[in-house]
Amino acid sequence: MSNEQIEVLVVGAGQAGVAMSEHLSDNGVPHLVLERDRIAERWRTMRWDSLVANGPAWHDRFPGLEFQDVDADAFATKDQVAAYFEAYAEKIAAPVRTGVEVTSVTRNEGRPGFRVETSEGVIDARFVVAATGPFQRPVYPPIVPDGAVTLQMHSSDYRNPDQLPEGNVLVVGAGSSGVQIADELQRSGRQVHLSVGPHDRPPRSYRGRDFCWWLGVLGLWDLETPAAGAEHVTIAVSGARGGHTIDFRALEASGIQLVGMTDTYDGGTLSFREDLAENIAQGDANYLALLDAADEYVTRNGIDLPEEPSARELGPAPSAATTPLRSVDMAEAGITTVIWATGFATDYGWLQVDALDENGRPAHRRGVSTEPGVYFVGLPWLSRRGSSFIWGVWHDAKHVAGHIATQRSYAAYDRQARA
């Protein structure tokens, strides 16, 4: 029995896969999108119940469709985002096949293309696009031994406070996920310790404009590489409760115990680094730098936007930064749960071609990999700062689809020349 044949196989039907499908169709490229679960599955099952998008609906969308049930300046829920991508896939008639897992991709011998083994058979594909995104394998450091507390979990497994055992909580990580989860748990009546590492802390809005708008007009979404030393710095921003600026002073005032980065565990005692003051100060500097750039932009362009001097009134540093807590006896503090909001690693074990570096990470330039015919889309900093955001994925996919269309034209010429 012959294998199914397709020109382009896209692996993954999240925002990256749907965007790829649109641009491949626009270029007249036959393709198939395979998804092992459902369209936008990560939005459904790897997010907590109360999650909303971190950008407003006017910004966090594709150009071809607005959110129908969300105000432009509001923040879509995770279920609304999943429904949006389902609706978008239907709108563009994306050829998505769900419930099919890709288990291996290998290069064909003596002929173009790739052999793609799936849970439903073998497919021959001339091109392969890895659109599985950056959230593939939850990771956290093996600091706290198994059994030291009642429950350890990654933030991708957290759903709501009722899911956790009785007792207090340590949340490790001060990016958007860690901060929002810690705030929700504190509001539910838990006592929370929040371990704060290096972070960017933009204003949710300033002078009547959302920070997404400011990053756009200031050209910051288009930065091609992160600043030196900031490759792994997270962004602390929230659309929760209508959207607000993350303020560690306010989090401390709410009752959350701020601590530095989680360092070591010994006999029931967890130790933290003496870096909380530095991390808070650097986050404040990042915040104020954006306000400065915004003010300069307003003046330079003569835009009539209301001044907001109160935005610069930060107040004294959190008391936890001036008198840091260096360690905590977890039993004495009643901590029964540790939630690791410490990010993800990629997992391309199925991609058995020369498209990865020595550390198993994609080797590419703007999504065009070192393995001819293999592409990536949906990764952080694929081409710019905005690459892993919804609108950024759409633009990166357009570039990758154009590259595929160009390669097809060369192949077509070769066939015609030999005819």
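The following exchange walks through two strand arrangements in this predicted model.

Visitor: In what order do the 5 strands of the open sheet lie?
Guide: The pairing throughout this open sheet is parallel, and from one strand to the next the twist averages 20 degrees. Its edges are strand 8 (151-154) and strand 15 (257-259), each of which pairs on one side only. Read across the sheet, the order is 8-19-9-10-15.

Visitor: Which residue of strand 10 stands opposite Val172?
Guide: Strand 9 (residues 168-172) and strand 10 (residues 192-195) run parallel and are joined by 4 bridges. Within strand 10, the residue opposite Val172 is Ser195.

Visitor: What angle does the direction of helix 4 make with that of strand 10?
Guide: Helix 4 (residues 176-187) packs on the sheet, where it touches strand 9, strand 10 and strand 19 (335-340). Between the direction of helix 4 and that of strand 10, the angle is about 170 degrees.

Visitor: Which residue takes a positive phi in the hairpin of strand 4 and strand 5?
Guide: Strand 4 (residues 102-107) runs antiparallel to strand 5, with 5 bridges joining them, and Val102 has Thr118 as its bridge partner. The hairpin has 6 residues between these strands, and the residue with a positive phi, near 75 degrees, is Gly110.

Visitor: Which residues make up the covered face of strand 5?
Guide: Strand 5 (residues 114-118) also pairs with strand 6 (residues 121-130), in the antiparallel sense over 5 bridges, and a hairpin joins the two through 2 residues. Thr118 stands opposite Gly121 in strand 6. Arg115 and Glu117 form the uncovered face of strand 5, whereas its covered face consists of Phe114, Val116 and Thr118.

Note on methods:
Residues are numbered from 1 along each chain as its sequence is written. This is a predicted model: local features need pLDDT of at least 70, side-chain atom pairs count only at pLDDT 80 or more; totals for chains, interfaces and linings use all residues. Side-chain values use heavy atoms; hydrogens and water are left out. Two strands pair if DSSP finds at least two bridges between them. Axes are lines fitted to C-alpha atoms, for helices over the stretch in contact, and angles run from 0 to 180 degrees between N-to-C directions. Contact means heavy atoms within 4.5 Å. Buried means under 20% relative accessible area, exposed over 50%, partly exposed in between (1.4 Å probe, protein chains only).
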